[in-house]
Each structure stands twice: as structure tokens, then as C-alpha cells.
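Hi,

Here is the structure I said I'd pass along. Have a look at it first, and my notes follow underneath.

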Amino acid sequence: MEMTRRDAIAVGAAAFLIAGLPMRASAATEDLIAAFTGGAEVGAGDITLTAPEIAENGNTVPIEVSSETAVEILVLATGNPAPSVATFKFGPLAASRAASTRIRLAGTQDVVAIAKLPDGSFVQAASTVKVTIGGCGG
Amino acid sequence: MISRRDFLQTSMAAAALYGSSGFGNWGRLAAQQALTQDKLLEFDTFGNVSLIHITDIHAQLKPIYFREPSVNIGVGGNKGAVPHITGADFRKLYGINDGSPSAYALTHDDFSALAQGYGRVGGLDRVATVINSIRADRPDALLLDGGDTWHGSYTCHHTQGQDMVNVMNALKPDAMTFHWEFTLGSERVQEIVEGLPFAALGQNIFDSEWDEPAELFPPYKFYETGGVKVAVIGQAFPYMPIANPGWMFPEYSFGIRDENMQAMVNEVRAAGAELVVLLSHNGFDVDKQMAGKVTGIDVILSGHTHDALPEPVLVGETIIVASGSNGKFVSRVDLDVQNGRMMGFRHKLIPIFSDVITPDADVAKVIDAQRAPYVDQLSEVIGRTADDQTLYRRGNFNGTWDDLICDALISEREADIALSPGVRWGPSILPGQDITREDIWNVTSMSYGEAYRTEMTGEFLHVVLEDVADNLFNPDPYYQQGGDMVRVGGLGYRIDVTKPQGDRITEMTLLKTGEKIDPSKTYQIAGWASVNEGTEGPPIWDVVEAHIAKQGVISLDPNNSVEVVGA
């Protein structure tokens with residue numbers, strides 16, 4: 001093998017993508033939740049959030065929310081600069097109360113889904129989605 | 001009437017007894033008399049179903065040396081639990097005598113001295129002999145390959161995996177699942193899989209565009225064996241596009257997907273499966289967690305984290321079997337299935353002592369045919385280890401092979417700091433042994449081996465180390481990727497494995513000056529195996545070969561640059 005000094009010290013393309021430390025939930029998140037619930041207590045119950053544990057691509061992360069009875073589901077990416085993702089509304093004749101979409105995550109953070117149930121109460125599910133540099137699998 | 005739980009625990013105790021008498025006693029006997037093939041293969045055939053598990057071969061066709069890790073830290077609920085037990089603690093747990101064949105096969109102490117006596121391990125021609133012997137007892141035994149098969153050697157790289165495909169076909173597996181195979185690129189993987197004479201399974205292999213199951217990889221397959229309807233479900237490595245370059249297989253998405261796993265178990269049970277086997281490349285801790293979340297799996301054949309365990313681990317009513325790596329072990333699991341329920345099992349982890357087990361002549365011929373075109377390149381001697389120098393990789397932090405690779409990167413690429421991936425494959429080299437080109441490729445071969453050189457600020461370097469550390473030490477196994485810590489050269493640091501991401505790594509020091517790493521200062525970093533598309537640089541095997549050739553005899557300074565706390 002021939003390797004010249006020029007080869008040896010040439011600096012190549014960036015070998016790592018930028019990824020940061022886990023993002024904290026912003027104050028904006030609390031405001032958005034308060035606006036949705038009107039300040040009511042949020043419990044656990046009829047809401048399922050499906051999200052990957054580690055995102056394959058932080059720019060397009062598939063998520064799904066579902067519920068048997070929800071009339072409305074709010075989805076927030078709590079660590080994004082703008083946490084709002086979507087609000088799904090289901091009418092009384094909805095055959096299924098589920099929605100899936102892809103979202104962009106600025107970094108490792110909790111994704112939260114809050115459902116408003118027909119009796120006016122609120123339930124929530126949350127999932128930590130990690131956005132990582134990766135690169136060292138066994 | 002005895003409950004199923006009682007049955008399982010009773011048989012677990014029986015199996016443990018068998019395991020320790022079969023395994024430990026076998027070790028003691030061997031200390032007194034020569035090891036024999038009959039003793040290695042001795043097994044009192046049990047029940048009505050036999051499973052044969054081999055995994056993470058990493059293209060090791062020929063016998064090798066392979067040192068097990070001395071450091072394997074468990075975090076969270078897995079602290080101090082198998083497989084996070086090494087050395088003397090491991091031997092004590094399983095009743096293995098110091099210096100016995102089992103001690104040599106399963107633990108790291110006195111590795112190079114014991115290797116002189118017990119010789120090499122593995123070799124797929126020896127594995128063939130073991131498989132044939134099990135099939136002689138139980139002709140319809142199922143042979144299941146856990147993946148990481150078509151990666152890891154000179155010949156595998158140059159034939160794009162064809163050497164392994166040809167040899168594995170000669171062993172006649174019934175199914176396999178995947179990880180490093182995908183780093184051949186999706187086109188090549190599709191080409192091979194379309195021609196495979198056995199099932200290519202993965203319930204978590206999805207089409208990335210539509211997020212639907214990928215047609216080429218069915219989630220499961222049914223087998224009739226011993227009058228029992230067996231469903232084998234596949235689970236590919238969940239984090240392939242993250243831990244490996246996703247741009248090489250952009251059509252595919254993976255993930256753990258345990259809701260879909262539960263759906264598949266329910267589906268096969270509804271279709272009449274009497275025994276549900278998961279052929280998994282999750283890694284051991286992920287499999288343990290999955291066994292606690294998904295109900296209805298009888299046996300998990302666990303791969304990816306390269307753990308070799310002489311007894312299955314029981315989680316609820318699921319047994320988890322871990323069969324090592326690099327062709328060093330084969331597991332045999334006999335099961336008694338009655339009326340659609342697993343009533344008991346018997347298990348043996350069979351170490352492939354290559355001097356004791358006679359090679360199967362037919363498979364040996366197939367192996368030689370794959371290697372024949374490359375024999376001159378493979379056997380060229382590049383250097384030699386000093387009389388007190390072992391080269392190995394396995395362990396949570398730098399092994400000596402990694403130290404050598406990092407030295408090569410720093411000197412050949414004029415860098416301040418070197419980074420080398422924390423992979424778990426790569427055989428060992430004994431003191432005073434020639435290092436051939438094949439040996440170098442065995443620890444470096446991959447389809448994205450460019451040795452890059454780049455600049456990083458101290459702050460960014462810290463982010464990189466924290467990120468990788470969290471992939472290993474996150475207390476929730478579902479957030480772990482199953483590799484080891486990124487290896488470093490020219491850099492020292494302290495790591496507290498109990499802290500959260502961002503707080504684990506402190507006291508980063510540039511070794512050549514002894515100065516603390518300055519977050520705002522820029523450093524020259526050399527590394528390899530970047531997952532980013534367009535990474536430039538000479539192949540790592542050329543860098544390492546050039547360095548070894550210049551050194552001649554390899555003698556490394558002891559590496560004390562990483563201080564671990566909280567383990």
C-alpha cells in the first residue's frame with residue numbers, strides 16, 4: 001500500500017452528524033397543555049402512543065396515537081423549539097380514533113399525547129425518543 | 001396437579017444440574033484426562049424437539065483464538081446479573097474450575113497460557129461435525145442462525161458475503177435473521193436472500209417508506225418437528241440504521257416493535273403453534289426485557305451481544321439461550337412439548353475445541369474452495385506479537401487490538417486523538433504469534449472502513465463520548481445498541497456509568513501533553529467506521545497494516561487512560 005503524507009493529513013468530510021444532549025421540556029409545552037386542558041388534571045387511561053425508542057432519522061420520526069373513546073388528541077414534541085405537532089379531532093361517528101404521522105425532533109426528548117375523553121376528562125401517554133449519533137454497533 | 005410453572009422450575013433445576021454436571025464435571029474430568037469429542041458432544045436426548053443455535057459467526061470459517069471479556073458492566077436492573085459477570089465471579093457462579101476447558105472457553109483469566117494448552121476454537125467444519133452428531137440423534141432438529149454471518153473477514157469482504165453463504169448452505173440451516181448482513185447494501189442482500197434455500201426472518205424488518213412489513217423478510221415460519229408444530233419468529237437487530245450506515249439500506253426500517261412481536265406471537269398461537277421460538281438479534285438485555293413484556297414466547301435464542309452462557313436464563317416462562325460468537329460455540333436445546341405446551345428442556349452450550357472435534361470433510365472442502373483464490377494474500381505475515389503481548393478486543397473499553405489500531409491511526413494519520421468503534425467481533429492473537437493480513441482483516445473488515453481525519457472541538461468530542469456511552473449504559477435496555485464504548489487513543493477520561501447522559505464523562509485529558517481537553521479548542525481526530533455517507537480516507541486495514549509492518553514486533557504499553565466508576 002502507498003500512502004503519502006498528503007493523504008495522511010488530508011481532512012475528510014465530517015464523520016459525525018451533529019447531535020446534542022437530551023432536550024428539556026420548554027415552558028411553551030406547559031402553556032400548550034394548560035390551553036388544551038383548561039388546567040384540568042391529566043391522568044392515565046385510554047390513550048396509546050407508539051413511537052420508536054431510538055429514532056432512525058430525527059428528521060422524520062413515525063409516531064401513532066390511538067384511543068377507544070377520545071374526542072381530541074393533542075401531540076407535543078416537548079423538546080422542540082416549537083412543541084406543537086398536531087391536534088387530531090374525532091367526530092361521534094369516527095370508526096377509528098387513531099392517527100399516524102411523522103415528526104421532526106430537534107434531539108432526544110419526550111413526545112407527549114394528551115387525549116380529551118367524552119366525559120371531559122384528560123389522559124396522557126409519553127414516550128422518550130432518543131436521537132443519537134450512533135455508529136458503534138456490535 | 002403440578003402447574004406449568006412448577007414444571008418449568010423443576011426442569012430448570014434439572015437442567016441446571018445437568019448443566020453443571022455436564023459442563024462443570026466435564027471440565028473436572030478433562031483436567032484429569034484428555035478432552036474427547038464424545039465427551040464434548042455427550043447429550044442424553046430429551047423430549048421431542050431439538051433446536052441447534054449458532055450466532056454472530058462474523059465470517060470466521062477457520063479455527064481462531066477468542067478471549068472473552070474481563071469487563072462487562074451491567075447497569076440499572078441488570079447490574080451484577082448475567083451476562084454482566086466475568087472472570088472468577090463467572091466461574092464461581094457456574095461451578096467452573098480454574099484452568100479447566102470451561103474456564104478457557106468462557107472466561108478471560110490466563111487466556112494466553114490456557115490457549116497454549118487447549119488450542120484454537122471454532123471452525124465451521126468442526127461446527128458441521130457437531131450439527132451432524134445432533135442430527136444423528138434427532139434427524140429433524142432445527143438449525144437456527146442468529147445472524148452477523150456474512151460479515152467479518154477478508155474473503156467475506158472480497159466475495160460480498162458469498163463465501164459464507166456457500167458454507168452455511170452446506171450446513172443446511174432452517175432459518176436465519178440479520179444485522180451486519182445489511183452493510184453489504186440492500187441490493188446485495190436482496191440478491192442473496194432471494195436465492196436462500198432457507199427462511200430469512202424478521203418481524204421488525206419494515207419498508208421504510210410505508211412503514212409496513214418488508215415482503216422479502218417474513219416475520220415467522222412454521223416447522224413440523226417431532227410431531228410438534230413449531231413457529232420460529234425472527235427479530236433482526238433493532239438499531240441497524242443507527243449503529244450502521246442506514247444510507248446503505250435506505251429501503252428498510254427496523255426498531256424493537258414489541259407490539260408487533262406480541263401480535264405475531266398471538267397470530268402463530270392462533271394458527272396452532274405448540275412451541276414459539278424467537279430467533280433474535282436483539283442483544284441479551286433487550287431479549288430479557290422483551291421476554292417480560294411479550295407473552296407466549298417459549299424460547300429466545302439470543303444473539304448480538306456475543307454472550308456465551310452455560311445455562312439458559314429464565315424470565316417468566318421463557319428461557320433465553322445465549323450462544324457466544326465467532327463460531328466458538330453451538331447450543332443444543334432439547335424440549336419436551338406436550339399438548340401445545342413446553343413442559344421441560346435440556347440444554348448444553350457446546351464449545352468448539354478445534355483440536356478435539358474432527359472436521360467434517362465435506363464442509364472443510366467447501367471452506368477451502370472459498371479461500372483458495374485468496375490464500376497468498378491471506379497468509380502474508382505482516383508482523384508478530386512480542387512474547388508477552390496478547391491482542392484481543394472484547395470488553396466494554398479498549399482491548400489491546402483497539403490500542404494497536406488507535407496507535408496506527410495516530411501515527412499514520414498524524415492525529416491528536418484516535419477513535420475506534422466498540423464492536424464486539426474480532427478474534428485474538430497470542431503472544432509470539434505471527435500477525436497475518438487475514439488477522440488484520442478479521443478485526444477491521446467492513447464495507448465502510450474508511451479511516452477519516454477530521455477536526456473536532458473539545459466540546460463536540462465530549463458530546464460524541466456521552467452519546468456512545470448512553471448507547472451502552474442507558475439503564476433501560478431498549479435504549480441500548482449492544483456495542484461497547486468507543487475506543488480512544490491519545491485521550492484519557494473518567495466515566496461514571498451510573499450518571500445520566502451528559503454527566504458520565506469527565507476529566508478528558510490529551511495524553512500527549514497531559515493537558516485537560518479545552519471545550520473551545522480544535523483537535524485533529526482520526527477514526528474509522530463512520531456511519532455517514534461520503535466519509536473519505538484510506539481503508540483502515542491498510543492503515544493498520546502499514547503501522548504493524550513498520551513496528552515489526554508489536555509490544556504495547558499498558559492502557560490505564562480510562563477510569564471507570566460506579567460499576
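**The core, then the rest of chain B**

Keep in mind that this is a predicted model. The largest nonpolar core has 198 residues, and the members touching the most others are A:A113, B:L51, B:V232, B:I233, B:L275, B:V277 and B:L409. The top contributor is helix α17 of chain B (residues 458-473), which puts in 8 residues. Where does the core sit relative to the domains of chain B? It lies between domain 1 (4-369) and domain 2 (380-565), because both give residues to it.

If you want one residue to click on, try B:V277. Leaving out neighbours within four places in sequence, B:V277 contacts B:L51, B:V230, B:V232, B:D298, B:V299 and B:L301.

Helix α17(B) turns up again at a sheet. That sheet is open, with 4 strands of chain B in the order β23-β22-β21-β26 and mixed pairing. Its edges are β23 (515-516) and β26 (562-565), each pairing on one side only. Strands β21 (491-496) and β26 of chain B run parallel and are joined by 4 bridges; in one of the pairings, B:R494 partners B:E563. α17(B) packs on this sheet, touching β21 and β22 (505-510), and its direction is at about 130 degrees to that of β22(B).

As for chain B overall, I count 18 helices and 26 strands. Its radius of gyration is 23 Å, which agrees with the value near 24 Å for a compact globule of 567 residues. Buried residues make up 59% of the chain. Among contacts with a separation of 6 or more, 76% link residues 24 or more positions apart.

Cheers

Technical notes:
Residues numbered from 1 in each chain as written. Chains lettered and ligands numbered in written order. Predicted model: local features only at pLDDT ≥ 70, side-chain atom pairs only at ≥ 80, totals over all residues. Core = buried A, V, L, I, M, F, W, Y, C linked by C-beta atoms within 7 Å. Buried ≥ 20, exposed ≤ 12 C-beta atoms within 10 Å, placed from the backbone. Helix = DSSP H or I, 4+ residues; strand = E, 2+ residues; numbered from the N terminus. Domains from an automatic or database assignment. Contact = placed C-beta atoms within 7 Å. Rg over C-alpha atoms; globule rule 2.2 N^0.38 Å. Pairing = 2+ DSSP bridges. Axes fitted to C-alpha atoms, helices over the stretch in contact; angles between N-to-C directions.
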